[in-house]
Amino acid sequence: MYLTKEEERTLAGEYGETLRKAIEILVALGEIYGADSLIPVKSAQIAGVSYKTIGDAGLEWISDLKGKVKIPAILNPAGMDMLRWKEMGIEPAFAKKQQEIIDAYESLGISTKCTCTPYYLEGFDAGFGDHLAWSESSAVSYANSVIGARTNREGGPSALSAALIGKTANYGYHLDEKREPVVAVTVECELSGSDYGALGYVAGKEIGSRVPIFFMEEKPSNDELKALGAALAASGAVALYHVDGVTPEAVRSDFERPDENIMIEEQQIAEVYEHSENLKGGETDTDIITLGCPHCSPEELKAIATLLEGKSIQKEMWVCTSREIAQKCAELVKIIENSGARVVCDTCMVVSPATNNYKAMMVNSGKALAYVPGMCGVAARYGSIEQCVKEAGATDDN
Ligand code: F3S
């Protein structure tokens, strides 16, 4: 792997131990995956933020690092709403550790706006062909597929290393040849709204980590594509997908239709809604409803606020989004919270320990459906936003 003189000096430790460690990680990955060089990246998004997932070992590793990042870098969701953690029932000991993790990242110059949808935020927007080092799987999928930017599915340490060096190793989805579809997915039914999360949940299991191209009648919105990609990345390990005639590379390129074809039929989508295999002990009655996986866009907050306006709900309900979007959509947040639902920022139903105490969760996300049972030990059921609001027991005020 070719290194510039400057990179060689960094690797030799001339600029300190933090940069030496960081470039060592990038070079090691580059050598494993056959990269020819390091390439500059526009931004980094760093997973490994919740104390629930990284624990004391992760905190210690981050705290040992010194210096500042060279490019805009932002964090993935933490284990709690950094301002309203008490309302979530988070223990003070957990909150203290979580704050220490955030402080350690902040001292490296990293934005502590914790979100899996950095592409909505100023300074983290990406364009077609931009090289990035992002790590949260739905953000990676959105960047590659919906924006047409280029990122591998980085681990937390490699994204942090890329932020410190300002570069990543040139392999995988940074290269044209790795971005071509190798499997076709033909959708044989009409889809709308949450059907895209269900499609991703079903198709991801068959696709695995390959690059698919979908053929379907509809032209999904960016929010529907976001839901599709998040689910594909969770039930499978898809980091890039194309939709014929919709996503930017499929529109600009003349991809050959792959020989292998996976058919998705209406019944398979319907089964996701009827899904019950994850319910513990035959549990069917949910005690929490969560929306916003990935974190809500302004349009999604609007849709939820429209359904909850003038209503009161009977069950615990979380609507997850980034703090910046919540602040920009303060009126919508007020309508949602007036119903009794909480708009939860900086965190989510999967990475926060606050959901572990519930028995059964209803979600409108194929990613949450795939992860909640295993990571939270909570049964999960799937529904549209409308079904989730109904499940929360929304009734008209007065
Ligand atoms: Fe984001 Fe958490 Fe879902 S990180 S994609 S809301 S599991």
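Asp346 is placed in the loop between β13 and β14. In this predicted model, Asp346 adopts a positive phi of about 70° although it is not a glycine. A second backbone feature is found at the peptide bond from Cys293 to Pro294, which is cis, with omega near -5°. Pro294 belongs to the loop between β10 and α11 (298-308). Most residues other than glycine have a negative phi, and most peptide bonds are trans.

The strands that flank these loops belong to an open sheet of 5 strands, ordered β13-β12-β10-β14-β15, with parallel pairing. The edge positions are taken by β13 (342-345) and β15 (379-382), each of which pairs on one side only. From one strand to the next, the twist averages 30°. Within this sheet, β10 (residues 288-291) and β14 (residues 360-363) are joined in the parallel sense over 3 bridges. Thr290 stands opposite Val363 of β14. Helix α14 lies across β14 and β15, and runs at about 165° to β15.

Helix α14 (residues 366-376) also packs with helix α8 (residues 222-235), at an angle of about 30° and with the axes 7 Å apart. Angles under 35 degrees count as roughly parallel, and α8 and α14 are therefore roughly parallel to each other. On the α8 side, the contact is made by Ala230, Ala231, Ala233, Ala234 and Ser235. On the α14 side, Gly366, Lys367, Ala370 and Tyr371 take part. By class, the contact of α8 with α14 comprises 6 nonpolar, 2 polar and 1 charged residues.

A further open sheet contains 4 strands in the order β8-β7-β6-β9, again with parallel pairing. Its edges are formed by β8 (242-243) and β9 (261-264), each with a single partner strand, so one side of each is left without a neighbour in the sheet. Strand β6 (residues 183-187) pairs with strand β7 (residues 212-215) in the parallel sense over 4 bridges. The bridge partner of Ala184 in β7 is Ile213. Helix α7 (residues 195-207) lies across β6, β7 and β9, and its direction is at about 150° to that of β9.

At the level of the whole protein, the division is into domain 1 (5-175), domain 2 (180-274) and domain 3 (288-396). The centres of domain 1 and domain 3, taken over C-alpha atoms, are separated by 26 Å. The contact between these two domains takes 27 residues from domain 1 and 27 residues from domain 3.

Domain 1 and domain 3 also each supply at least three residues to the shell around the ligand. The residues around the ligand are Pro77, Cys116, Glu136, Ser138, Gly292, Cys293, Pro294, Cys348, Val350 and Lys367. By class, this shell divides into 6 nonpolar, 2 polar and 2 charged residues. Several residues described above recur in the shell. Cys293 and Pro294 are among the residues around the ligand, and the peptide bond from Cys293 to Pro294 is the cis bond with omega near -5°. Lys367 likewise lies around the ligand, and Lys367 is one of the α14 residues that make the contact with α8.

How values were computed
Residues numbered from 1 in each chain as written. Predicted model: local features only at pLDDT ≥ 70, side-chain atom pairs only at ≥ 80, totals over all residues. Heavy atoms only, no water. Near = heavy atom within 4 Å. Nonpolar A, V, L, I, M, F, W, Y, C, P; charged D, E, K, R; others polar. Domains from an automatic or database assignment. Axes fitted to C-alpha atoms, helices over the stretch in contact; angles between N-to-C directions. Helix = DSSP H or I, 4+ residues; strand = E, 2+ residues; numbered from the N terminus. Parallel < 35°, antiparallel > 145°, perpendicular 65-115°, else oblique. Contact = heavy atoms within 4.5 Å. Pairing = 2+ DSSP bridges.
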